[in-house]
Amino acid sequence: MVAVTGVVTVVGAAIKAATGLVGVGKTLWFLPTFLAALAYYNYDLFDPEQRPINQRVLREEYDFIIVGGGSAGAVLANRLSEVPHWNILLLEAGGHETEISDVPVLSLYLHKSKLDWKYRPQAQDTACQAMIDKRCCWTKGKVIGGSSVLNTMLYIRGNRRDYDQWASMGNYGWSFDEVLPYFKKSEDQRNPYLAKSPYHGVGGYLTVQDNPYNTPLGVAFVQAGEELGYDITDVNGAQQTGYAFYQYTMRRGQRCSTAKAFLRPVRLRKNLHIALWAHATKILIEPTTKRAYGVEFIRDGAKRVALARREVILSAGAVASPQLLLLSGIGDAEHLQEVGVPLVHHLPGVGQNLQDHISAAGLTFQVDYPVSLVQNRLVNINSALRYAILGDGPLTSSVGLEAVGFFTTKYGNQSDDWPDMEFMLVSTSATTDGGTQIKKAHGLTDAFYNDYFAPLNGKDVFSVWPMILRPKSRGYIKLRSNDPLRYPLMVHNYLTHPDDVRVMREGVKQAIAFGETAALKRFGSRFWRKPAPGCKHLQVYTDEYWECYIRQYTLTIYHLSGTCKMGPASDPAAVVDPELRVHGIKGLRVIDASIMPRVTSGNINAPTIMIGEKGSDLIKALWRNGRRRRRRRDLRSFSTHACDNCTVYEI
């Protein structure tokens, strides 16, 4: 009876949460039945008691305070709390994951939801011309687990040469051979063939598996790559160039976020406090010694302070980490003066060096057979029950992402295994759901969608997303004002470097050729040749047309990085040193994707988790070897002059 009552409670709460999160329209009509079945067959997985504990009563002082519970922050919280006499506080601005966020095929329903920061960079003429207000949409997770709760779960480490390049820039300890053990440390590889490889690990917290469901197109994608002369390879192994099925951060067909992987197993550790809905607004820094000693944050509508005996660690991501540094007086002196923030330390690289992977989206191919993922056909009660009971079926699909290809265009060194282009091969398109959620998530205007895509609604299609791997364009993050609750100024500068335009244009041409392979032609593959809105004045398929095309439906792959660049003190643009300590400030580190001096060649969730793993070991090496013993101070003496009208968080 108790179990039945528990199931009913969980189902009711799940349906209420899902309705509030995404709404229930005609595309999610099956949701109540789905959640009921899911709760019945997987009650142990959805018991709210399995969630990380939201600590209401906080200590006045901790050894380490981590800001941001995302892909890196969750790893840090786990690894640092392994030391039993260290007290750890993890501050996260968002709340818990939901039952909806666990379902791979529904990830786009999380975009623009309560779990999303909903960032929108400035409008620019160089890209995103098909989007509302000509502004791209930057989805970033505002939830425990961060963007690992909203992403497409693709596990891609990047290329050996990415990390060797980091090391060659003066970042000792970051070569591929030195970071590979940290990838393996996290990983629990469930593919028995890959598990035997020296490049993979088993038994780690993070489950990595193949998708239990593939359409016939997924197999054809890999065969097409082989037909073009590429190897079928493990793209996280010895050779990246080639084609493969994706590997996913997935467990039994459900999302394996970093919150699920790293925080749930240690939720009962007494030395780890997790504070949800706690929005950090400032790092407290003693002005004379330039030592970070605490964090100011807002919770329950009130301003609070938590103090750190040893270190403050920023893991808030490539937007919020530089924003917090700037709000705390660390950044370019002239910019801080403009926005009225008192200077603590001049560090001009803060917020600069912004990098992202982008794709020329919308390259859609029609097929003649019912082999793709069409929402009205496959998202139904049968699929829901198959998912709930067996953990497979079309609901385990990561929005149709099935296979990947890495290759080098004519603008790169084709004799070297360092691709400059990634094909994301998808058994769906923007038309899969009839112009509802995908269009909304990507921010497409009604005019663009109705002109270009609407004739394909409900039809079987696939798409190829060519993604440039090492862009040369650089954007930046700046403050708009000294208001910590106001989003910063975000300038992407996509496609401002001519080399990026050339490489992307070549990727589009290669994508068209990919669709012409015999492996895909047997399904009747043919490119959707309708001229793109905004480019109809140009002769189709010329270089000028393709350049116009890629500036229309320019899709970020949400790999924002580089804004707190790692580099030695001799690098004037560096923000952190190779041990991830902020230059010029004691007791303060940044450990997230923002430290990447160059973005890695592939999707960045796996590298960000690696950064969390390595960063935690750097901290342990410093504080556990006995060399860093400083006199304990009464940190409460700092709180009044550094944060007027703030109160130490006590309930």
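What percentage of the 651 residues of this protein count as buried? The answer is 65%. Keep in mind that what you're looking at is a predicted model. Here's a quick tour, starting with the whole chain and then zooming in on a few spots.

**The big picture**
- If you go hunting for secondary structure, you'll find 20 helices and 24 strands in the protein.
- Take the contacts with a separation of 6 or more: 74% of them link residues 24 or more positions apart.
- The accessible surface adds up to about 23200 Å², and carbon and sulfur atoms own 52% of that.

**Stretches named in UniProt**
- An unreviewed UniProt entry lists residues 141-164 and 317-331 under "domain: Glucose-methanol-choline oxidoreductase N-terminal".
- In residues 141-164, helix makes up 21% and strand 0%, with 30 Å between the end C-alpha atoms.
- For residues 317-331, the figures are 73% helix and 13% strand, and the end C-alpha atoms sit 17 Å apart.

**Val143, a listed binding site**
- The unreviewed UniProt entry also has Val143 down as a "binding site".
- You can spot Val143 in the loop between β2 (88-91) and α5 (160-168).
- Is Val143 buried or exposed? Val143 counts as buried because its relative accessible area is 0%, and the cut-off for buried is under 20%.
- Skipping neighbours within four places in sequence, Val143 has contacts that include four glycine or glutamate partners you can look up: Gly69, Glu92, Gly94 and Glu97.
- Val143 is also in contact with Gly95, His96, Leu115, Val149 and Leu150.

**Thr409, another loop residue**
- Thr409 belongs to the loop that runs between β16 (401-407) and β17 (421-426).
- Thr409 has a relative accessibility of 1%, so this residue is buried too.
- Which residues does Thr409 touch, if you ignore those up to four places away in sequence? They are Gln414, Asp420, Met421, Val503 and Glu506.

**Holes inside the protein**
- The structure contains 5 cavities of 30 Å³ or more.
- The second largest cavity has a volume of about 80 Å³.
- This second largest cavity is lined by 14 residues, and the closest to its centre are Asp356, Pro471, Ser473, His492 and Tyr494.
- Sort the lining of the second largest cavity by class and you get 6 nonpolar, 5 polar and 3 charged residues.

Technical notes: Residues numbered from 1 in each chain as written. Predicted model: local features only at pLDDT ≥ 70, side-chain atom pairs only at ≥ 80, totals over all residues. Heavy atoms only, no water. 1 Å grid on protein atoms, 1.4 Å probe; cavity = no way out; pocket = protein on both sides within 12 Å on 5 of 7 lines; lining within 4 Å. Points joined across faces, edges and corners; volume = space filled by probe spheres on them. Nonpolar A, V, L, I, M, F, W, Y, C, P; charged D, E, K, R; others polar. Helix = DSSP H or I, 4+ residues; strand = E, 2+ residues; numbered from the N terminus. Buried < 20%, exposed > 50% of the residue type's maximum accessible area, 1.4 Å probe, protein only. Contact = heavy atoms within 4.5 Å. Areas by Shrake-Rupley, 256 points an atom, 1.4 Å probe, with all protein chains shown as cover. UniProt positions renumbered as here; feature names shortened; annotations may be inferred.
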